[in-house]
Amino acid sequence: MVNLTAAANKYPDELSGGMKQRVGIARALSIRPKVLLMDEPFGALDALTRYKLQQQVLKIWEAHRLSVMMITHDVDEAIFMSDRIVMMTNSPAAHIGEDFHVPFPHPRDRAAIRNTSEYFELRNHILNFLDQYSTYDE
């Protein structure tokens, strides 16, 4: 499911960062969870590898339809990968600030989504929320 057949005989230190992330996803999926929890799963990857793995996770989701809850600080990633985005206010007294429905159908086409007015409206609304609840050290 994560396209690592060609690397089956490699040792862990021979795997790239993207391969290691895919191993982690495969390990999580191997127990057939009802809910998959992902905390910044693509945070340490370069942009190209991140895009490829985002697409791969969406294909897995579309094939198996398990529930996925992903924590991310990347607005574009959240819009591309989610059907629902729940925004949190700042810590330490964090709470749910806003809950957004993502209106794009599956399968998702990143370029097509980015060229819609709905994408820009949603992205700007999320960024405005972040501006409203951000704190700055001055």
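Glutamate 40 is partly exposed, with a relative accessible area of 27%. That value falls between the cut-offs used here, since buried means under 20% and exposed means over 50%. The model is a predicted one, and in it glutamate 40 sits in the loop between β1 (35–39) and α2. Its backbone is a bit out of the ordinary run of things to look at: phi is near 50 degrees, a positive value in a residue other than glycine.

Glutamate 40 has some company. Arginine 65 also has a phi near 50 degrees, again positive without being a glycine. Its place is in the loop between α2 and β2, and with a relative accessible area of 52% it counts as exposed, because the line for that label is drawn at over 50%. Then there is arginine 32, which comes just after α1 and takes a positive phi of about 55 degrees. Another backbone detail turns up further along the chain, where a cis peptide bond joins histidine 106 and proline 107, with omega at about -5 degrees. Proline 107 belongs to the loop between β4 and α4.

On to the helices, starting with α1 (17–30). This helix has 14 residues and reaches 20 Å from its first C-alpha to its last, close to the 20 Å expected at 1.5 Å a residue. Its buried residues are Gly18, Met19, Arg22, Ile25 and Leu29. Looking down the axis of α1, these buried residues fall within an arc of 120 degrees, so they line one face of the helix. The face turned away from that buried side carries Arg27 and Ser30, both exposed. As for what covers the buried residues of α1, β1 and α2 are included.

Helix α5 can be read in much this way. It runs over residues 117–133, and at 1.5 Å a residue its 17 residues should span 24 Å; the end C-alpha atoms are 24 Å apart, which agrees. Tyr119, Leu122, Ile126 and Phe129 are buried in α5. They cover an arc of only 100 degrees around the axis, which puts them on the same side of the helix. Turned away from that buried side is a face with the exposed residues Glu121, Asn128, Asp131 and Gln132. The buried residues of α5 pack against α3 (75–81), β3 (84–88), β4 (96–101) and α4 (110–114).

What about empty space inside the protein? A search of the whole structure finds 1 cavity of 30 Å³ or more, and the largest cavity has a volume of about 40 Å³. Its lining is made up of Ile25, Leu29, Leu36, Met38, Val57, Ile60, Trp61, Leu66 and Val68. By class, that gives 9 nonpolar residues, with no polar and no charged ones. At least two lining residues come from each of α1, β1 and α2, and α2 gives the largest share, 3 residues. Ile25 and Leu29, already met among the buried residues of α1, are part of this lining.

Finally, there is the largest pocket, which holds about 930 Å³ of space. It is lined by 29 residues, and the closest to its centre are Met70, Ile71, Thr72, Ile85 and Val86. The lining divides into 19 nonpolar, 7 polar and 3 charged residues. Several elements chip in here: α2 (47–64), β2 (67–71), α3, β3 and α5 each supply at least two residues.

Terms used. Residues are numbered from 1 along each chain as its sequence is written. This is a predicted model: local features need pLDDT of at least 70, side-chain atom pairs count only at pLDDT 80 or more; totals for chains, interfaces and linings use all residues. Side-chain values use heavy atoms; hydrogens and water are left out. Helices (H or I, at least four residues) and strands (E, at least two) are DSSP runs, numbered from the N terminus. The expected span of a helix is 1.5 Å times one less than its number of residues. Buried means under 20% relative accessible area, exposed over 50%, partly exposed in between (1.4 Å probe, protein chains only). The arc is that of the directions from the helix axis to the C-beta atoms. Contact means heavy atoms within 4.5 Å. On a 1 Å grid over the protein atoms alone, a cavity is a set of points where a 1.4 Å probe fits but cannot get out, and a pocket is an open set with protein on both sides within 12 Å along at least five of seven lines; lining residues have an atom within 4 Å of a point. Grid points are joined across faces, edges and corners, and a volume is the space filled by probe spheres set on the points. Ala, Val, Leu, Ile, Met, Phe, Trp, Tyr, Cys and Pro count as nonpolar, Asp, Glu, Lys and Arg as charged, and the others, Gly among them, as polar.
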